[in-house]
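These are my notebook entries on a single chain. I set down what I looked up, in the order in which I looked.

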Amino acid sequence: GRLRILVVDDEPFVARVLARLLTPHEIVCTASPGEARALLSTEDFDAVFCDLFMPDMTGTDLLREVEREHDSTLHRKFVFMTGGTEHAVSEVLNQHPHPVLQKPFDRRSVRQALDHVLMHRSSAPPA
């Protein structure tokens, strides 16, 4: 069925490419972690594709804030995206194990990440 997906990336081009790859789902895009936080606090999404490293806030910080304030199971819906170095990414994800899309990504890797979220969104939290 048609899913509702939030895309959070400070690079509008990346968000547009991802939105195209996620067609025919309903995509809501924002470049602002603050706006994403507000959306996640008031609206329901089936999945969230979030840039890991943004100027104002990291993706893991955004996830932590929204989980603490509104939804402790939100981590099951998150996919992080990054163009960062392997060392920087592994350092962050050692504390927050989630699917990661390396930029640039293709339709297949996006589909695999979405499938992972759909399969795990109702399962137990990561250890």
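Entry 1, burial and surface. I looked up the share of buried residues first: they make up 46% of the 127 residues in the chain. The model is a predicted one, and I read every entry below with that in mind. For the surface, I noted that the chain exposes about 6,800 Å², with carbon and sulfur atoms supplying 52% of that area.

Entry 2, confidence. I recorded a mean pLDDT of 86 for the chain, with 84% of its residues at 70 or more. Which elements mark the two ends of the range? Among the elements of the chain, strand E1 (residues 4-8) has the highest mean pLDDT, 98, and helix H4 (residues 86-93) the lowest, 59. Where pLDDT is low, the predicted coordinates should not be read in detail, and I therefore leave the detail of low-confidence coordinates aside.

Entry 3, order of elements. I counted five helices and five strands in the chain. Read from the N terminus, the elements follow the order β-α-β-α-β-α-β-α-β-α. I also checked contacts between residues at least 6 apart in sequence, and 62% of these join residues at least 24 apart.

Entry 4, strand E1 and its partners. I turned next to E1, where four of the five residues are buried, so that the strand is mostly covered. E1 pairs with strand E2 (residues 26-30) in the parallel sense over five bridges. The chain passes from E1 through helix H1 (residues 12-21) to E2, and I noted this β-α-β crossover as right-handed. E1 also pairs with strand E3 (residues 47-51), again in the parallel sense, over four bridges.

Entry 5, residues along E1. Which residues are the bridge partners of leucine 6? In E2 the partner is valine 28, and in E3 it is valine 48. I also found valine 8 opposite threonine 30 in E2.

Entry 6, aromatic rings. I searched the whole structure for aromatic pairs and found one. How are the rings of phenylalanine 78 and phenylalanine 80 placed? Their centres lie 5.5 Å apart and their planes meet at 55°, so I entered the pair as tilted. Planes count as edge-to-face when over 60 degrees apart and as stacked when under 30.

Entry 7, cover of the two rings. Are these phenylalanines buried or exposed? Phenylalanine 78 has 1% relative accessibility and therefore counts as buried. Phenylalanine 80 has 0% and counts as buried too. The cut-off for this reading is under 20%.

How values were computed. Residues are numbered from 1 along each chain as its sequence is written. This is a predicted model: local features need pLDDT of at least 70, side-chain atom pairs count only at pLDDT 80 or more; totals for chains, interfaces and linings use all residues. Side-chain values use heavy atoms; hydrogens and water are left out. Rings of Phe, Tyr and Trp (its six-membered ring) pair if their centres lie within 6.5 Å; planes under 30 degrees apart count as stacked, over 60 as edge-to-face and the rest as tilted. Buried means under 20% relative accessible area, exposed over 50%, partly exposed in between (1.4 Å probe, protein chains only). pLDDT is the predictor's confidence in each residue, from 0 to 100. Helices (H or I, at least four residues) and strands (E, at least two) are DSSP runs, numbered from the N terminus. Two strands pair if DSSP finds at least two bridges between them. A crossover is right-handed if, with the strands pointing away from the viewer, the path from the first strand over the helix to the second runs clockwise. Contact means heavy atoms within 4.5 Å. Accessible areas come from the Shrake-Rupley method with a 1.4 Å probe; for residues, only the protein chains shown count as cover.
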